[in-house]
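Here's a quick briefing on cysteines, aromatic rings and the charges that sit over them. Have a look at the model first.

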Amino acid sequence: MGIVSMRRRISLSLSLSDSVGWDWKSKVSQRGIVTSCRAVVLPRFGGPEVLEVRPNVEVPDLKPNEVLVRARAVSVNPLDTRMRSGYGRSIFEPLLPLILGRDISGEVAALGASVRSLIVGQEVFGALHPTAIRGTYADYAILSEDELAPKPVAVTHVEASAIPFAALTAWRAIKSTARISEGQRLLVIGGGGAVGFAAIQLSVAAGCHVTTTCGSQSIDRLLAAGAEQAVDYTAEDLELAIKGNFDAVLDTIGVPETERVGINLLKRGGHYMTLQGEAASLTDRYGLAVGLPLATAVLLKKQIQYRCSHGIEYCWTFMRADSEGLDEIRNLTEAGKLKIPVEKTFPIVQVREAHEAKDKRYIHGKIVLELD
């Protein structure tokens, strides 16, 4: 075996089978080396039918700061279905085939040389960066140490897998960017989705006053989560129904109308944050060489425009690994103050059916894929 091939293997002790429930469907050498595992592969962009469950996908070697996780449950995020359809094509197409998936809950199977905060056999949960090429739709996934935390004992693997990506997206916006504090007012546009729902719970736990917009079916759930006002955007004029100004606005919808309303409801010095930045769409349309500088110019123009006209800060926000944020999310989950309900589970072999259900809106809530 050559040096390159040797570097593409992950050495595991034979005792690992006892500590984490070894998956004998994965290829294992006589020395206990995982060489491949089952994974959902995206060979080309398209509908749910392009997804392939392959039995022998190579497992890369671990870098010093990485962790091999035996997956028990992975959630389906909107980013997964959009990537499958071609979102981010300019970045990802040269790298096909991909493995989709960002969230995970499972057990530590092996550790990189520099990892100190986790141990083999420990139950963990976490999420990968949006641009990760090898995702979590696999029996074994690889995440960096700061992308993982001990799984909250109070929840199952299915429940835990629904939390990290959405909650970290919300945490970065309201805690890392807007730096909300007790007594401040937050408006969440689109509180019925996973990110908006997480933002409400995180803000309420921080002592903030939260108003949200949503569909009629979500009002009771969002009020029960601590929102002081939940406005049905299909039945009411938002600018008439929502009173006062806010310290921060998180817009999970990101269309021109919600941007206009959100900007106008901010106090001077406040933060408007949208999940729908134009970087990916512009690079897909014009290519990386033109699209990325164009996206930067669009963002700078809006930042200057709104700073001058309204005295507010404008930004595109997205999820990133943050060990402090994940620890806070774990603690709030343990305390029963943060939960993202799971509406439906599918076995991993029915991943096409799961994606079809999301595409056709048969299921509006969170979907999780279970791995046996």
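What follows is a short tour of some side-chain contacts, grouped by topic.

Keep in mind that this is a predicted model. The cysteines make no disulfides here, with the count at 0, while the aromatic rings give 2 pairs. Two arginines also turn up with their charged ends over rings, Arg70 over Tyr140 and Arg221 over Phe197.

**Cysteines**

- Cys214 has no disulfide partner, and the nearest cysteine sulfur, in Cys208, is 19 Å away.
- Cys214 counts as buried because its relative accessibility is 2%, with the cut-off for buried set at under 20%.
- Why is Cys308 not bonded to Cys315, which has the closest cysteine sulfur? The two sulfurs are 17 Å apart, too far for a bond, given that a disulfide needs them within 2.5 Å.
- Cys308 counts as exposed, since its relative accessibility is 63% and the cut-off is over 50%.

**Aromatic rings**

- Tyr272 and Tyr314 make a stacked pair, with 5.3 Å between ring centres and 20 degrees between the planes.
- Tyr272 belongs to strand β14 (residues 266-274) and Tyr314 to strand β15 (residues 313-316), so their pairing ties together parts 42 residues apart in sequence.
- Both Tyr272 and Tyr314 are buried.
- Tyr306 joins Tyr272 and Tyr314 in one aromatic cluster.

**Charges over rings**

- Arg70 has its charged end over the ring of Tyr140, at 5.7 Å from the ring centre.
- For Arg221, the ring underneath the charged end is that of Phe197, and the distance to its centre is 4.6 Å.

How values were computed:
Residues are numbered from 1 along each chain as its sequence is written. This is a predicted model: local features need pLDDT of at least 70, side-chain atom pairs count only at pLDDT 80 or more; totals for chains, interfaces and linings use all residues. Side-chain values use heavy atoms; hydrogens and water are left out. Buried means under 20% relative accessible area, exposed over 50%, partly exposed in between (1.4 Å probe, protein chains only). Rings of Phe, Tyr and Trp (its six-membered ring) pair if their centres lie within 6.5 Å; planes under 30 degrees apart count as stacked, over 60 as edge-to-face and the rest as tilted. Helices (H or I, at least four residues) and strands (E, at least two) are DSSP runs, numbered from the N terminus. A charge sits over a ring if NZ of Lys or CZ of Arg is within 6 Å of the ring centre and within 35 degrees of the ring normal.
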